[in-house]
Amino acid sequence: MNSVLKKTTDAELLDRYAAGDESAFREIVSRYKNSLYAFLKHFLNRQDLIEDIFQETFLQLFTSRESFDPDRPLRPWLFTIAANKAKDALRKSQRTSAIPIGTISESREMSFDDVLNTLTFDNTMPYEELEKGEISSRVAEIIASMPENLREILILAYFNKFSYKQMAQILSIPIGTVKSRLHTAVARFAKDWKTTTGSKRTE
């Protein structure tokens, strides 16, 4: 049965779960738990918040079988739930501390594109040859210092590879706003990255 479900589309899984097949829900969780957890780990930096929002997101999905829209892609919908809950949690806790960011590959001179391309949330990869220290901390500090709207657009675009259309759905903003906000976020990161690397060289 599991092998059959693994070949089933998200829409079919939602239909099956809406009809009462809870094994379909378990397959949805299995399919998206890693990417959703990684998203929350980047957005939040307190383990209890990550765990709570992770559980609340799937709980909302579990209790929403009557409101499933089969024409709406599941992944953006799931991340919309998680993003909204994460933002609410951040506002409630008024957090300003750094966000844990994945390991950055070792390099003395890195361009902005190099930094973005080597960011990763896949903690199952072997990192023997990757640096886990100073560069990672600097990237974390830069992203943590950004306003929430710029931080979330970078995480969605570069860590989770959502399209403009999907990000517009998740954030409930027009595609034009997504593009301009991402442009602003990239420019802000590049400026801050250049500033921090420049200051390190002069020390």
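Here are some numbered notes on this structure, which is a predicted model.

1. **The overall make-up.** Let's start with the whole chain. It has 10 helices and 0 strands. If you walk along from the N terminus, the elements read α-α-α-α-α-α-α-α-α-α.

2. **Inside, outside and long-range contacts.** The chain has 203 residues, and 44% of them count as buried. The exposed surface comes to about 11,000 Å², with carbon and sulfur atoms supplying 49% of it. Now look at the contacts with a separation of 6 or more: 69% of them are between residues 24 or more positions apart. Keep that in mind for the helix pairs below.

3. **H3 against H4.** A word on how to read this: two packed helices are described by the angle between their axes and the distance between the axes. Helix H3 covers residues 22–43 and helix H4 covers residues 47–62; their axes come within 10 Å and cross at roughly 150°. An angle over 145 degrees counts as roughly antiparallel, so that is the label for H3 and H4. Their crossing is right-handed.

4. **Who touches whom between H3 and H4.** On the H3 side, the contact residues include Phe25, Ile28, Val29, Tyr32, Leu36 and Leu40. On the H4 side, Ile50, Ile53, Phe54, Phe58 and Leu61 are among them. Charged residues take part as well, including Glu22 and Lys33 of H3 and Glu51 of H4. Sorted by class, this contact has 13 nonpolar, 2 polar and 4 charged residues.

5. **H3 against H5.** H3 also packs with helix H5, which spans residues 74–93; the angle is about 35° and the axes are 11 Å apart. This crossing is right-handed. From H3, the contact is made by Ile28, Tyr32, Ser35, Leu36, Phe39, Leu40 and Phe43. From H5, the partners include Leu74, Leu78, Phe79, Ala82, Ala86 and Leu90. The classes here are 13 nonpolar, 1 polar and 2 charged residues. Try finding Ile28, Tyr32, Leu36 and Leu40 in the structure: they are in the contact with H4 and in the contact with H5.

6. **H8 against H9.** Further along the chain, H8 and H9 pack at an angle of about 140°, with their axes 10 Å apart. What do we call that arrangement of H8 and H9? Roughly antiparallel needs an angle over 145 degrees, so H8 and H9 are oblique to each other. The crossing is right-handed. H8 brings Glu152, Ile153, Leu156 and Ala157, while H9 brings Met167, Ile170 and Leu171. By class, that gives 6 nonpolar, no polar and 1 charged.

7. **Arg181, buried or exposed?** Arg181 is found in helix H10, which runs over residues 175–202. Its relative accessible area is 19%, and the cut-off for buried is under 20%, so Arg181 counts as buried. Leaving out neighbours within four places in sequence, Arg181 is in contact with Asn149, Leu150, Glu152, Ile153 and Ile173. You have already met Glu152 and Ile153, which belong to the H8 side of the contact with H9.

8. **Two loop residues with positive phi.** Lys161 is not a glycine, yet its phi is positive, about 60°. You'll find Lys161 in the loop between helix H8 (148–159) and helix H9 (164–171). Lys161 is exposed, with a relative accessible area of 58%. Ser172 is not a glycine either, and has a positive phi of about 60°. Ser172 sits in the loop between H9 and H10 and is exposed, at a relative accessible area of 63%.

9. **Pro70 and its partners from earlier in the chain.** Pro70 lies in the loop between H4 and H5. With a relative accessible area of 46%, Pro70 is partly exposed. Not counting residues up to four places away in sequence, Pro70 touches Ala11 and Asp15. There is also a C-alpha distance to check: Pro70 and Leu14 are 7.1 Å apart in space, although 56 residues apart in sequence.

10. **Asp52 and Ala89.** Asp52 is found in helix H4. Asp52 is partly exposed, with a relative accessible area of 38%. Along the chain, Asp52 and Ala89 are 37 residues apart, and their C-alpha atoms are separated by 9.5 Å.

Methods: Residues numbered from 1 in each chain as written. Predicted model: local features only at pLDDT ≥ 70, side-chain atom pairs only at ≥ 80, totals over all residues. Heavy atoms only, no water. Axes fitted to C-alpha atoms, helices over the stretch in contact; angles between N-to-C directions. Helix = DSSP H or I, 4+ residues; strand = E, 2+ residues; numbered from the N terminus. Parallel < 35°, antiparallel > 145°, perpendicular 65-115°, else oblique. Left-handed = near helix turned anticlockwise from the far one by under 90°. Contact = heavy atoms within 4.5 Å. Nonpolar A, V, L, I, M, F, W, Y, C, P; charged D, E, K, R; others polar. Buried < 20%, exposed > 50% of the residue type's maximum accessible area, 1.4 Å probe, protein only. Areas by Shrake-Rupley, 256 points an atom, 1.4 Å probe, with all protein chains shown as cover.
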